[in-house]
Amino acid sequence: LVGRDDERMGLGVEALKRAFLDRLVYSQARFPEVATRRDCFQALALAVRDRLLQRWVQTARTYRDKGSRTVCYMSAEFLIGPQLGNNLINLGIFDNARQAMAELGLDLDMLLDQEEEPGLGNGGLGRLAACYLDSLATLEIPAIGYGIRYEFGIFTQAIRDGWQAELTDKWLRSGSPWLIHRPNVAFDIKIGGHTEHQYEASASRRLRVQWVPAKVVRGTAWDMPVLGYGVNTPNRLRLWSAEAPEEFDFAAFNAGNYYQAVDAEVLSETLTKVLYPNDEMEAGQTLRLEQQYFFVACSLRDMIRLQLQREADLSRFHEKFVVQLNDTHPSIAVAELMHLLVDDYEMLWDEAWSITQRTFAYTNHTLLPEALEKWPLRLFQKTLPRHYEIICEINERFLDEVRIRFPGDEAVLRRMSLIDEDGARYIRMAHLAVVGSFAVNGVAALHSELVKSDILKDFYELWPEKFRNKTNGVTPRRFVLLANPTMSQLIDETIGKGWVTDMMRLRELEPYADDPAFREKWRGIKRGNKEHLVREIKRVAHADADPASMFDVQVKRIHEYKRQHLNLLHVISLYKRLKDNPNLVVAPRTVIFGGKAAPGYRMAKLMIRLATAVADIVGRDPAMHGRLQVVFFPNYNVKSGQSIFPAADLSEQISLAGKEASGTGNMKFQMNGALTIGTLDGANVEILEQVGEENFFLFGMNTPEVKELRRCGYRPRDYYEANPHLREVIDLIGSGFFTRGDRDVFRPLVDHLLNHDEYMLLADFQSYIDCQEKVSEAYIDYERWSRMSILNVARSGFFSSDRAIKEYCTDIWRVEPVRIELTD
Ligand code: 26V
C-alpha cells in the first residue's frame, strides 16, 4: 500500500482537495468549471471510498490470517441511509472535508444533499440492521451483513390532494459510489421443480436426493464497506443481485431464440427488482419467498466457500460462523444449511443438524399475530420442493421430542408443529427459526417477556434456556454526531470528547441541568435545529412553521397499532377547545407527522388523509395562527429523520401497550433532547426507567390492563357515549367538517373506532388528553422543560447500539474484537 499523504489515502485538507480533483477528472471525466453538483458529489464520494478501501483490504487480510470467528447478520432489509456524511464522520475528516470543499468553492452540505437514499428497508427492522453494522465495525467485531440489492427500494411518498401516492425509488439511477460489484463471487441458485430419490449403489445404500429445478438464477455479490467510528475496521455489507445464469441464455440463443433468452434474463432480474413495501404478512407472494430463499442460498454458499478456504471440511462451520436471523425473513436458512450439508456435502443428518442448531440465532421483531410469516404449503412446496421435505423431516424429529416432554398432549403438538394444519395448511417460519436456533431473543424487555408468555409460550416451556432479551439500540454516530452537530459540540465542550463511543458518560451532563447558562445554550441549540427543520418543512410541505412553538412529532410507519389517529384525536380536541375558548392558556404547538403507509393498507392511507385534512383546516383558520398548526412531512426516511429528531421537543410513542416490540425512533428522539409522551410499550418502558417518571409523560393502560379489558369484552361505544368531549371530537370527523362536507371519506375510520377499535384508542383517549395538558404546562415553564430535556440526553446512553451489540457479542455470538492496524 502506498504512503499516507497521497491522494488515495491522505486525510488532510490538501490531500482531500487533490483527491477530489483527481476523481473529478479521472472518474467523472469533468473539469471543475462544467461539473454538475452530482459530479462533485460522486467525486467526493469516490475520494472517500478510496480511504475506506485501503482499510478494507487490510481488514480482509487480518481476518483471513487470524481465521477470526465471524458474525453474519442476515437480513432482507438494511435501511442504511445516505453514506457520505457518515463515512466522513467515522473517518474523522468531516471538518477537513468541509474546509477542502470550501476552498474549492463548494458547500459540503450541498454535496451531502445530492446523495440518493438507499432505502433498502421498510422501517424499524431494516434501520436496526444498519445501526448494528455501524456498531459491529466500531467495536471491531468481524462481521458480514448479508442482504438483497433491491433495484427499487421503499417507494418515495408524495402527497397528492391529501392522499399518499407512491413513486418508484430509482436510487441506482446514476449508480452508487459505495457499491462494488464482484461478478466473480457468483452462485447459481435453483428454484422450483421436483426432487428425485435414489439409493446409492455402494454398500452403504444411502438415500441420495437430487433436486431438479424448474429454473436457475445467478446471484452476484455487491459489497459496501461499512466503516467503524475512529477505527480501521470497515466490515462488509454484501448484497446479492439476481441475473440470468450464462448457460441459460446460451441454450435459447443456440436454438435461435434470442428473444426467449432475453426474456429469461429479464425474468431472473425481477427477483431482486423491488423491496416489498408491506410490513405485514401477505400470504401467497411467490416472488417474496423466492427473494428470501435466493439471498439466503447465496449467503450460505458464500460462507461455506470461505470456510473451505480455511479448513478441509465443514465440521467446524459453527465455530467459525454465527448467523443472526433478523426476523423470520431469512429463516429458510435453517432448511438450506441442512440441504447443503446433507445433499451436497454428504453429511449425516444428525451431524448436520447439530451444526445447524449451533449456527443460528433468531431475533423476533413483532407482537402482531398477523405479521408472523407463514407460507401456504402448496406454494412453498412448488417453490422449494427439497426444503419442504427437509422441513417435514425436521418437524417429525422435533415433534418426537415434544411427545416425550408432553406425553399425550395432542393440542401442544398441533400448536408447536412447523406446519399449521388448522384449515388451509401453512409452514410457520417462526417455529422453524426457533427449532433451528440455539438462541431466540426479543428486542425490548417487555417484548421478550411477551415472547415467552404469549407468542412462543410452548417453546419457552420446552427450551427455557434458549430465550433472552436484547433491548434495541441506535447508533449515536449518525443520529447524534452527524444529525446534531451543535449539540454534539456543546457536549464535547462540557464533558470532553469520547462520549460517542461510551454513551454512559453522558451521565456527566446531569449536573449541568441545574446550570441556567447551560440551559440557555441548550435552548439556543434546539432553536437552531428547529429553524433548520422549518426551512425543510417550507421546502417539502410548503408550509410555514413557527420555531417558537412546541414541535410535537410522530414519525414512523403509519399503522393502526401505532395510533397516529389517537394523536389526531388530541389535535382535534385542542382545536375545539381553542375555538371554544380563545383565551385558553396552552403552549403553542406544531404537530408534525411523517411516515409511509403500505400501499395496500387502506386504513393507514385513510389515517394519512385525516392528518392532511386536519392540517388543512387548522392551517386555514386565522384563529389558530401562532397557537396550533399541523404538518404532514412527506416521504419520511433516514435522511429527513436526521433533520427531524434534533428539532423535536416532544416525541409521540403512543402505541397500544403490548403491540410495539421496541421502537427505535423513541431512542433517537431521546438522544436529541425530546421528551417522550408514551405508553408502557416496547422500549418506552426502559426509557421511563432510565429517565425517571418525573422526566417522562406516561399515559394509558398497561399490558395487563389491556388484556383484562379485552377479556371482559371491550365496547368502544361506551366510552364515546360516556365522554361528551370525545363525542364532540369524533362527531366532528364524521360530520364532514374536515372534508368540505363530504361525510363519506372518514366513515370507515369512524365506524371502525366506534364498533371495533382493536387498538383501544377510545379507552386511552382521556388519559392521553390529560397527559398532553401536563406536557403543555411543562413546556410553558421553559426552564423546567430545558432541565428535563438535558436529563433525557444525559440518561440516553443505554440506548446506544454499541451497548446492544456488546450484549449480543458476549451472550449470544461469543465473538471477540479483532484490532486492525494500518501499515504504511
Ligand atoms: C414484516 C414483514 C412481514 C412479511 C412481509 C414483509 C415484511 C417486511 C417487514 C416486516 C417488518 C415487521 C417487523 C418490524 O419492522 N418490526 C419492528 O422492529 C423494530 C426493530 O426491532 C422494532 O423497534 C419495532 O417495534 C418493530 O415493529
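Trainee: Ala, Val, Leu, Ile, Met, Phe, Trp, Tyr, Cys and Pro count as nonpolar, Asp, Glu, Lys and Arg as charged, and the others, Gly among them, as polar. With that, how do the residues of the shell around the ligand divide?

Mentor: Keep in mind that this is a predicted model. The shell around the ligand is made up of seven nonpolar residues, 11 polar ones and five charged ones.

Trainee: And which residues come nearest to the ligand?

Mentor: There are 23 residues around the ligand, and those that come nearest are Gly-124, Leu-125, His-365, Ala-661 and Ser-662. Domain 1 and domain 2 each supply at least three residues to the shell.

Trainee: Where are those domains in the protein chain?

Mentor: The domain assignment gives domain 1 as 67-82 + 117-471 + 809-813, and domain 2 as 483-799. Taken over C-alpha atoms, the centres of domain 1 and domain 2 are separated by 36 Å.

Trainee: How many residues of each are in contact with the other?

Mentor: On the side of domain 1 there are 38 residues in contact with domain 2, and they meet 32 residues of domain 2. Two or more residues of that side of domain 1 come from each of the elements α6 (124-138), β3 (156-160), β4 (163-167) and α17 (445-455). By residue class, the side of domain 1 that touches domain 2 has 16 nonpolar, 17 polar and five charged residues.

Trainee: Changing topic, how many residues does the largest nonpolar core have?

Mentor: That core has 240 residues, and the ones with the most contacts inside it are Leu-44, Phe-294, Ala-333, Ala-611 and Val-614. Helix α23 (residues 602-620) gives the largest share of this core, namely 10 residues. Because domain 1 and domain 2 both give residues to the core, it lies between them.

Trainee: What does Val-614 touch, not counting residues up to four places away in sequence?

Mentor: With those set aside, Val-614 touches Leu-568, Val-571, Ile-572, Val-630 and Phe-738.

Trainee: Ala-333 was on your list too. Is helix α11 mostly covered or mostly open?

Mentor: Helix α11 (residues 333-344) is mostly covered, since 10 of its 12 residues are buried, a residue being buried if 20 or more other C-beta atoms lie within 10 Å of its own. Ala-333 is one of these buried residues, which also include Glu-336 and His-339. After α11 comes Glu-346, with a positive phi near 55°.

Trainee: What about Leu-11, is that buried or exposed?

Mentor: Neither word fits, because Leu-11 has 15 other C-beta atoms within 10 Å, while buried needs 20 or more and exposed needs 12 or fewer, so Leu-11 is partly exposed. Leu-11 lies in the segment before α1 (13-26), and apart from its neighbours within four places in sequence, it is in contact with Leu-91, Ile-93 and Asn-96.

Trainee: Now the whole chain: how many helices and strands are there?

Mentor: The protein chain has 33 helices and 22 strands. Its radius of gyration is 27 Å, close to the 28 Å that the globule rule gives for 824 residues, so the chain is as compact as a globular protein of that length. Along its principal axes, the C-alpha trace spans about 95 × 75 × 55 Å.

Trainee: And what percentage of the residues is buried?

Mentor: Of the 824 residues in the protein chain, 50% are buried. As for contacts with a separation of 6 or more, 76% of them are between residues 24 or more positions apart.

Technical notes: Residues are numbered from 1 along each chain as its sequence is written. This is a predicted model: local features need pLDDT of at least 70, side-chain atom pairs count only at pLDDT 80 or more; totals for chains, interfaces and linings use all residues. A residue is near a molecule or strand if its C-beta atom, placed from the backbone, lies within 6 Å of it. Domain bounds come from an automatic or database domain assignment. A nonpolar core is a set of buried Ala, Val, Leu, Ile, Met, Phe, Trp, Tyr and Cys residues joined through C-beta atoms within 7 Å. Helices (H or I, at least four residues) and strands (E, at least two) are DSSP runs, numbered from the N terminus. Two residues are in contact if their C-beta atoms, placed from the backbone, lie within 7 Å. The radius of gyration is taken over C-alpha atoms; the globule rule is 2.2 Å times the number of residues to the power 0.38.
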